[in-house]
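Q: Please take a close look at the salt bridges in this structure. I want to know which side chains take part and how much solvent reaches them. After that, set the scene with the sheet near the start of the chain.

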Amino acid sequence: LETDCLSKTCLARLGTELGVNYVISGSYDALGNKIVISLKIIDVANNSIFKSTVREFDNQEVELQRMTEIVLKEMHGIEVKKELVDRLKFNNEVISSNNVGKINNSGPRIGYAAMTGSFYEFANRPEAQGGLDIFPAVSMIGYQIEGQYVGTENFSALVEGIINFSGLEQGQFIPTISLLNGFRFGKSGWEFAFGPGFGLTKESNGFFDRDGIFGDKDTYFSSNGSNNWYEFRDREYNDEAAYPQYFDNGVYTAPEIEDFGHDFDGKEMDKGGKTKISTQFIFAFGRTFKAGALNIPVNIFYSSKKDGGTAGISVGFNVMKSKKSINPRRAI
């Protein structure tokens, strides 16, 4: 008996010798993460292929018998249970590149950001009123940890953690931690990212004297921080000659803020206020330039918070430190 008889002519001759009308031949091949079954039926009398088919299945070696059943029934037009076919069929998923893999990139970041809205006001406000009294743009220095959890030829998804310190050149220490989800497109490395940021801020309940009732216009007064209203009130109005309306037989009764049409109805940033955790939402867009194993990310970003934010640019570098496939192949 021949063991290497695979051609149509050889199989027909073998069928004649055996005295049968049909001979069936086939192959079972493991290709990557799929099993390919190829079967053909030879008409011995006519020396021709009566039926043939090729079908791909998911890599489930223990189910070879059921796979063969499906192929034979389909060859003869016999109905096959759909749930059985669906469980064993091969799903042709999106191609993932081993060259992309799961990358772990980390590296320093430096940048510069301009303050807007309430941040701009807080930076410009005099220290005596609880402000920073600095130029409303600050440098940034930090460190980014980047991990890639999806990678294909033209798309990758990233998770980015950034620790950042701002304002050091102006004598300030403004820490933030950001957690971003990013998407990178194409070999050119265009990307955008978004996610929350967390930092520390100091706040107090206060108001801005927009009409200059108590002195210069737009002076900030707080209830418990810098430029405290109650201290100001007791110091300024405890003068019977200047403000006799607050005295009765020489006894001083301090005015209330409501007497002047104001109230401590808002929270404002105040360098002398209480420390709290602040939140913001960050949007970033940029491109990563490559030079061998060196990546140079350049991004523009906007960090948004109620009534203000910061906008700037950051530049960094990182080196690919580790890479492993995100699509491990199963051997059979």
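A: Start with Glu256, which counts as partly exposed at 37% relative accessibility. The model is predicted. The side chain of Glu256 meets that of Arg233 in a salt bridge, 3.8 Å from N to O. Arg233 belongs to helix α5 (residues 229-237), while Glu256 sits in the loop between β11 (251-252) and β12 (266-269), so the pair ties together parts that are 23 residues apart in sequence. What of the other end? Arg233 counts as buried, at 9% relative accessibility. The cut-off for buried is under 20% relative accessible area, so the 9% of Arg233 falls below it. The 37% of Glu256 does not, so Glu256 lands in the partly exposed class. Salt bridges with shared partners also build a network, which joins Glu63, Arg66 and Arg87.

How many salt bridges does a search of the whole structure find? The count is 17. Side chains of opposite charge can pair when their charged atoms come close.

Next, a pair with both ends partly exposed. Lys89 and Asp86 meet through their side chains in a salt bridge of 4.0 Å, N to O. The criterion asks for a side-chain nitrogen within 4 Å of a carboxyl oxygen, so a listed value of 4.0 Å stands at the cut-off. Lys89 has a relative accessible area of 35%, which makes it partly exposed. Asp86 is partly exposed too, at 32%.

Now a pair with both ends buried. The side chains of Glu146 and Arg184 form a salt bridge at 3.5 Å, N to O. Glu146 lies in strand β5 (residues 137-151) and Arg184 in strand β7 (residues 174-185), so this pair ties together parts that are 38 residues apart in sequence. Glu146 is buried, with a relative accessible area of 5%. Arg184 is buried as well, at 12%. The link between Glu146 and Arg184 also registers as a polar contact of 3.5 Å. Glu146 has a further side-chain partner: a polar contact of 3.4 Å joins it to Gln144.

That leaves the sheet. Its three strands run in the order β1-β2-β3, with antiparallel pairing, and the sheet is open. The edges are β1 (22-31) and β3 (48-58); each has a single partner strand, so one side of each has no neighbour in the sheet. Ignoring direction, neighbouring strands are turned by 10° against each other on average. Helix α1 (residues 8-18) packs on this sheet and touches β1, β2 and β3. The direction of α1 makes about 55° with that of β2. Helix α2 (residues 64-75) also lies across β1, β2 and β3, and runs at about 135° to β3.

Within the sheet, β1 pairs with β2 (residues 34-43) in the antiparallel sense, over 10 bridges. One residue pair can be named: the bridge partner of Gly26 is Leu39 in β2.

To recap the salt bridges: Glu146 and Arg184 are joined, with Glu146 buried and Arg184 buried. Arg233 is buried, whereas its partner Glu256 is partly exposed. Lys89 is partly exposed, and so is Asp86.

Terms used
Residues are numbered from 1 along each chain as its sequence is written. This is a predicted model: local features need pLDDT of at least 70, side-chain atom pairs count only at pLDDT 80 or more; totals for chains, interfaces and linings use all residues. Side-chain values use heavy atoms; hydrogens and water are left out. Two strands pair if DSSP finds at least two bridges between them. Helices (H or I, at least four residues) and strands (E, at least two) are DSSP runs, numbered from the N terminus. Axes are lines fitted to C-alpha atoms, for helices over the stretch in contact, and angles run from 0 to 180 degrees between N-to-C directions. Contact means heavy atoms within 4.5 Å. Buried means under 20% relative accessible area, exposed over 50%, partly exposed in between (1.4 Å probe, protein chains only). A polar contact is a pair of N or O atoms within 3.5 Å; within protein, one must be able to donate a hydrogen and the other to accept it, and residues adjacent in sequence count only if both atoms are side-chain atoms.
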